[in-house]
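Me: Hey, I've got a protein open on my screen and I'd like to talk it through. Can you help me read it?

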Amino acid sequence: MIGRNKRKFQGVAALRQRLLGFACVVLSLLCANANGDTVQFHAWGGSAQVNSYLQWVKQEVKRLHNIDLNHLKLADTSDAVSRVLAEKAAGNLDNGSVDLIWINGENFAAMQRHGLLKSNWVATLTHFSLTNATENPAMVTDFGLPTEGQEAPWGKAAMVFYHNSVLLPHPPKTLPALLQFSKANPGRFTYPLPSDYLGISFLKYALIALNNQHRDRLYEPVTPEAFKQLSEPLWTFLDALHPTMWQQGKYRVRQASELQRLMDSESLWLAFSFTAAEIPSAVNRYDLPPSVRTYAMNDGSLANVHFIGIPFNAAHFEEATVVVDFLLSPRAQAKKMQLQTWGDDTVLDMAMLNEAQRALFKQHNKHPSALPSDASVPLFAEPHASWTEALKEAWFTRYQGYF
């Protein structure tokens, strides 16, 4: 416990309850003003699980707060970022078409740089305190950048690999082993273009895993010197890997969803994802064969927290905060964590929840294709956001003749 004695703990607990009560009052007033309004939620629409979950959220915020939630399904989050930027350039400062946006670190850095996000609203949410951000700095840091109250954490994810256990009983557990597998079995592995979030994630994972001795430099703003030194092992690895990949690396899938299609057709024997729960769900939908198994690499897994932001000119700011607060509630977080729903890990700190709230998160009926519950590997935090664009630019310059 934080306090040295029971009295101090009780005082802290009482203060927390008063703060939560005050926040509830504030949010109830927001809800009163929110009635009948539509919140435009721009979020990636490439996952059946995510889309289904947001339909449930839509029903719940309508029932609880009489807020209409409209999920605008994006193929690329940068489309919504470009829209907000265009509105700012056109002088639209208070009637924007985007109320909520599900953003990753790269897009957050761009929006923060151009002043496209509301600030200092996250701490006012009733349920944000349950993330215990003081003890969990990942809740207020995105790709090495402080969030400054401009976005609220929504979930956690980490890169996992999956394989067809009939065709590949013993999958590679490290990057060198992956290269050896691909050389021995040409055409059975690939990764998307780095313009896709999963493609750039693979590059960042490899960059970190191949730089044991200088890894700390990846969490500082990129410099030409650092990039040249740390990217060299990556290019050596990719130069050797590409000719062994599917279509000899000359054709590259453009979206992460295409990996599942190639796994289902047995063109690939090994693939990867940033959402562990999507693998067993795809098996249940017959999009992947039942012999698929999920695992994590022994040399580490790229992991991050994903966030929701509110643009600076959101037309329904108050209503949007109510929706985000619901998304952070134990009930909504537990629903999202269910394997059959989404399987996205919660951002709430279990130590901050009461017994009834913790009970909501108990998992049952583990799927054979799911990541083993006892899987434990080093988790790599996302590099500083500046490395992402540098990697993309260098990759396309070096390999543009391969697709």
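Reply: Sure, let's go from the whole protein down to single residues. This is a predicted model, so local features need pLDDT of at least 70 and side-chain atom pairs count only at pLDDT 80 or more, while totals for chains, interfaces and linings use all residues. Residues are numbered from 1 along each chain as its sequence is written, and side-chain values use heavy atoms, with hydrogens and water left out.

Me: How many helices and strands are there in the protein?

Reply: The protein has 13 helices and 11 strands. Helices (H or I, at least four residues) and strands (E, at least two) are DSSP runs, numbered from the N terminus.

Me: And how much of the protein counts as buried?

Reply: Of its 403 residues, 51% count as buried. Buried means under 20% relative accessible area, exposed means over 50%, and partly exposed is in between (1.4 Å probe, protein chains only).

Me: Which strands form the open sheet, and in what order?

Reply: There are 3 strands in that open sheet, in the order 8-7-9, and the pairing is antiparallel. Two strands pair if DSSP finds at least two bridges between them.

Me: Which strands stand at the edges?

Reply: Strand 8 (270–273) and strand 9 (292–295) do; each has a single partner strand, so one side of each is left without a neighbour in the sheet.

Me: How many bridges join strand 7 to strand 8?

Reply: Strand 7 (residues 160–164) is joined to strand 8 by 4 bridges. One pair to look for is Phe161 with its bridge partner Phe272 in strand 8.

Me: New topic: where is Tyr286 found?

Reply: Tyr286 sits in the loop between helix 9 (278–284) and strand 9. Its phi is near 65°, a positive value in a residue other than glycine. Tyr286 is exposed, at 72% relative accessible area.

Me: What about Asn132: is it buried or exposed?

Reply: Asn132 counts as buried, because its relative accessibility is 18%. Asn132 is in the loop between helix 4 (105–113) and strand 4 (141–142), and its phi is positive too, near 55°.

Me: Last one, Lys392. What does it touch?

Reply: Leaving out residues up to four places away in sequence, Lys392 touches Glu106, Pro194, Ser195 and Ile200. Contact here means heavy atoms within 4.5 Å. Lys392 lies in helix 13 (residues 386–399) and is buried, with a relative accessible area of 15%.
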